[in-house]
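This report goes through a single structure, one region at a time. Please keep the sequence and the model in view while reading.

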Amino acid sequence: MSIDVIILTYNSAEHLPAAVASVRAQTAADVTITVIDNGSTDNTLDIARELGLTPIANPHNIGFGAAINQAATATRADYVTLLNPDAELGDPKALEAMVATLSDPQIGIVGTRIQTPAGEPYPNGRRFPSTTLAARHAIMSVLRPGTNSASAEYFGPAIGRPDSDQVVDWVSGCCLMMKRPLWEQMHGFDPRYWMYLEDADLSWRLRESGYTTILSGPAWVTHHGGQSSKFRRNRSLWHHHRSAALFYARTRTGWRRILVPAAVAFLGIRLAALVALNTARRLTASD
């Protein structure tokens, strides 16, 4: 049994050492770390080399999904595992627990429970939203971020139970694992998602192929969050909304496909409003 842990970096020098240390603390045997960098402008590459790693260095940012696929192609381990550079495996047996979950041939992907640096649980194991729920979440997450019923329903109740695995719709790419043959069968992430929702899309395709997505009980990570997107807030908003449009178009079938143009227009309006709001806040802060 061999495990490759892929860490995709972008200006991640501050957190990379802790992420690598958490992997090296794992009790699982035959674990390798593959660092792939998406054009960092800080000293991330130097830090990776100081940690004894030989990073794959992309000259520019090719996107999350494309870079992960690139790194996975460069390795041959039995299990493909992703770990954010600003996340740390929280238990030395986390990788072993994830491998054990994947022993069931009907399970396609397993993700971990997530907690904040303060030890608070962060929702993982989200739902594939209906058209109505997607619209409610999109509106209410702006008007009442983090405290509204629509977002609570979208996130679902699966913030993670340490006593048992849970079947969920999709798990965050912050930390997940798949068997390599299935990863290759699914062709990894869809590179059209430059950033955001490539994890949801993969879980969707797995479900359409008859596989289940699991949120691990014993495996968890501490995630600091937002280390890449904070550098280009408006650009992150653009990619988030573009990915939402792609995912909506992929997952609507039958008569619901007639709603795709309206959904794309709605997302465009929401994006414009958020960019305007974000720009106004920046200008106010600079005064």
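The sections below cover strands, loops, a helix, a cavity and cysteines.

## Basis

The structure is a predicted model. Local features are described where pLDDT is at least 70.

## Strand S1 and its partners

Strand S1 spans residues 3-9, and seven of its seven residues are buried. In a regular strand, side chains point in turn to one face of the sheet and then to the other. In S1 both faces are covered. Ile-3, Val-5, Ile-7 and Thr-9 are buried on one side, while Asp-4, Ile-6 and Leu-8 are buried on the other.

S1 has a parallel pairing with strand S2 (residues 31-38), made over seven bridges. Within this pairing, Leu-8 stands opposite Ile-36 of S2. S1 also pairs in the parallel sense with strand S4 (residues 79-83), here over four bridges. Asp-4 is the residue that stands opposite Val-80 in S4.

## The β-α-β unit and its loops

S1 and S2 belong, together with helix H1 (residues 16-24), to a right-handed β-α-β unit. The loop between S1 and H1 contains Asn-11. This residue is not a glycine, yet Asn-11 has a positive phi of about 50 degrees. Asn-11 counts as buried because its relative accessibility is 11%, below the 20% limit.

The loop between H1 and S2 holds Asp-30. Asp-30 is likewise not a glycine and has a positive phi, of about 55 degrees. Its relative accessible area is 49%, so Asp-30 is partly exposed; a residue has to be over 50% to count as exposed.

## Strand S9

Strand S9 covers residues 175-179. It is largely enclosed by the rest of the structure because four of its five residues are buried. S9 pairs with S4 in the antiparallel sense, over five bridges. In that pairing, Tyr-79 stands opposite Lys-179 of S9.

S9 is also joined to strand S6 (residues 107-115) by two bridges, and these strands run antiparallel. The bridge partner of Gly-111 in S9 is Leu-176. S4 thus takes part in a parallel pairing with S1 and an antiparallel pairing with S9.

## The cavity

How many cavities of 30 Å³ or more does the structure hold? There is one. A probe the size of a water molecule, rolled over the atoms, shows where empty space remains. The largest cavity contains about 50 Å³ of space.

The lining of the largest cavity consists of Ile-6, Leu-8, Phe-64, Ile-68, Leu-82, Leu-83, Asn-84, Pro-85 and Gly-173. At least two lining residues come from each of S1, helix H3 (64-73) and S4. Two residues named above for S1 recur here: Ile-6 and Leu-8 are buried in S1 and also line the largest cavity. Leu-8 has a further role in the strand pairing, standing opposite Ile-36 in S2.

## Helices H2 and H9

Glu-50 is placed in helix H2 (residues 44-50). Glu-50 counts as exposed because its relative accessibility is 65%. Along the chain, Glu-50 and Pro-17 are 33 residues apart, and their C-alpha atoms are separated by 9.5 Å.

Helix H9 runs over residues 233-251 and has 19 residues. From its first C-alpha to its last, H9 reaches 27 Å, close to the 27 Å expected at 1.5 Å a residue. The buried residues of H9 are Ser-236, Leu-237, His-239, His-241, Ser-243, Ala-244, Ala-245, Phe-247, Tyr-248 and Thr-251.

## Cysteines

A disulfide is a covalent bond linking the sulfur atoms of two cysteines. A search of the whole structure finds zero disulfides. Cys-174 is in no disulfide, and its nearest cysteine sulfur, that of Cys-175, lies 6.3 Å away. Cys-175 is likewise in no disulfide, with the sulfur of Cys-174 as its nearest cysteine sulfur at 6.3 Å. A disulfide would need the two sulfur atoms to be within 2.5 Å.

Are these cysteines buried or exposed? Cys-174 is buried, with a relative accessible area of 3%. Cys-175 also counts as buried, at 1% relative accessibility.

Key. Residues numbered from 1 in each chain as written. Predicted model: local features only at pLDDT ≥ 70, side-chain atom pairs only at ≥ 80, totals over all residues. Heavy atoms only, no water. Buried < 20%, exposed > 50% of the residue type's maximum accessible area, 1.4 Å probe, protein only. Pairing = 2+ DSSP bridges. Right-handed = clockwise from strand over helix to strand, strands pointing away. Expected span 1.5 Å × (residues − 1). 1 Å grid on protein atoms, 1.4 Å probe; cavity = no way out; pocket = protein on both sides within 12 Å on 5 of 7 lines; lining within 4 Å. Points joined across faces, edges and corners; volume = space filled by probe spheres on them.
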